[in-house]
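Trainee: Could we go through this structure together, one question at a time, so that I can learn to reason from what I see?

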Amino acid sequence: MTADASNTPVPRDQLRASYEERDAVVERLREAAGDGRLDLDELEDRVSRALTAKTYGDLAPLTADLPVPAALTPAPPLVLKGGMHGATRTGGWKVPARITAHGGMGGVRIDFTRVQCRLPEIEIEAYGEMAGVTVVVPEGWTVDTDAVDPGIGGLRDKTTHPANRTPGTPLLRITGTGGMAGITVRHPNFLERRRLEKGQ
């Protein structure tokens, strides 16, 4: 029996690049030229290739010999344990590619609404345990919760459909189990949106 080619994952270097991703590479090239890492001829050539790149594989060689800016250096994996008093991540924190959250007795709340994140994907391994895990994501972000075991507490995914994903935003892949209290994934509520609008 022949496997369905449509179900075969496409290698990352063959994925199509977006306008935003091309522009990000052009910005890195201009910064490198400003630092003296590229001469004007190299800059012109690489910028031209970046603007006409079709895939990630076309873009990657253009910055492969340049140092990674500190802002783009991946953060180490994050482990949050609710314990007795709870644990939160909110504000403009640096997002790693992998997060593990244990709700414990106090619960865990992970809020992405004020972060600047260029990661294509973020993996969250969540265990609701006794007090639960809550994940708050901005409008336009997409969440994949297909691999979550609801447990007794259940899974409440209140986010928008993947078709509404904003270009350039990460995909959150959530795994784990709801435990006694469950896992909740949602967009900001009314009060949280008001605070965001006021910059509080």
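**Sheet, core and helices**

Mentor: Let us begin with the sheet in this predicted model, an open sheet of five strands with parallel pairing, in which the order is β1-β3-β5-β9-β7.

Trainee: Which are the edge strands of this sheet?

Mentor: An edge strand pairs on one side only, and so we look at the two ends of the order β1-β3-β5-β9-β7. From one strand to the next the twist averages 15°. The edge strands are β1 and β7.

Trainee: In β9, what is the bridge partner of D149?

Mentor: The strands β7 and β9 run parallel and are joined by six bridges. For D149, the bridge partner in β9 is T177.

Trainee: Which strand supplies the largest share of the largest nonpolar core?

Mentor: The largest nonpolar core has 25 residues, and those with the most contacts inside it include I110, F112, I122 and I124. Several strands each supply at least two residues of this core, among them β1 (78–81), β4 (108–111) and β10 (183–186). The largest share, three residues, comes from β5.

Trainee: How many residues are in the second, separate core?

Mentor: This second core is separate, and V25, L29, L59 and L62 are included in it. Its number of residues is 15.

Trainee: Are α1 and α2 roughly parallel or roughly antiparallel to each other?

Mentor: The axes of helix α1 (residues 19–34) and helix α2 (residues 40–51) come within 9 Å and cross at roughly 170°. Angles over 145 degrees count as roughly antiparallel. Therefore α1 and α2 are, in relation to each other, roughly antiparallel.

Trainee: How many nonpolar residues does the contact of α1 with α2 have?

Mentor: On the α1 side the contact includes V25, V26 and L29, while on the α2 side L43, V47 and L51 are among the residues met. By class, the contact has no polar residues and three charged ones, whereas the number of nonpolar residues is eight.

Trainee: Is Y56 buried or exposed?

Mentor: Y56 is found in helix α3 (residues 56–63), and, leaving aside neighbours within four places in sequence, Y56 is in contact with R12, D13, L15, R16, A17 and E21. The relative accessible area of Y56 is 17%, and the cut-off to apply is under 20%. Y56 is therefore buried.

Trainee: What distance separates the C-alpha atoms of Y56 and L15?

Mentor: Along the chain, Y56 and L15 are 41 residues apart, and yet L15 is one of the residues in contact with Y56. Their C-alpha atoms are separated by 6.0 Å.

Terms used:
Residues numbered from 1 in each chain as written. Predicted model: local features only at pLDDT ≥ 70, side-chain atom pairs only at ≥ 80, totals over all residues. Heavy atoms only, no water. Core = buried A, V, L, I, M, F, W, Y, C linked by side-chain atoms within 4.5 Å. Buried < 20%, exposed > 50% of the residue type's maximum accessible area, 1.4 Å probe, protein only. Helix = DSSP H or I, 4+ residues; strand = E, 2+ residues; numbered from the N terminus. Contact = heavy atoms within 4.5 Å. Axes fitted to C-alpha atoms, helices over the stretch in contact; angles between N-to-C directions. Parallel < 35°, antiparallel > 145°, perpendicular 65-115°, else oblique. Nonpolar A, V, L, I, M, F, W, Y, C, P; charged D, E, K, R; others polar.
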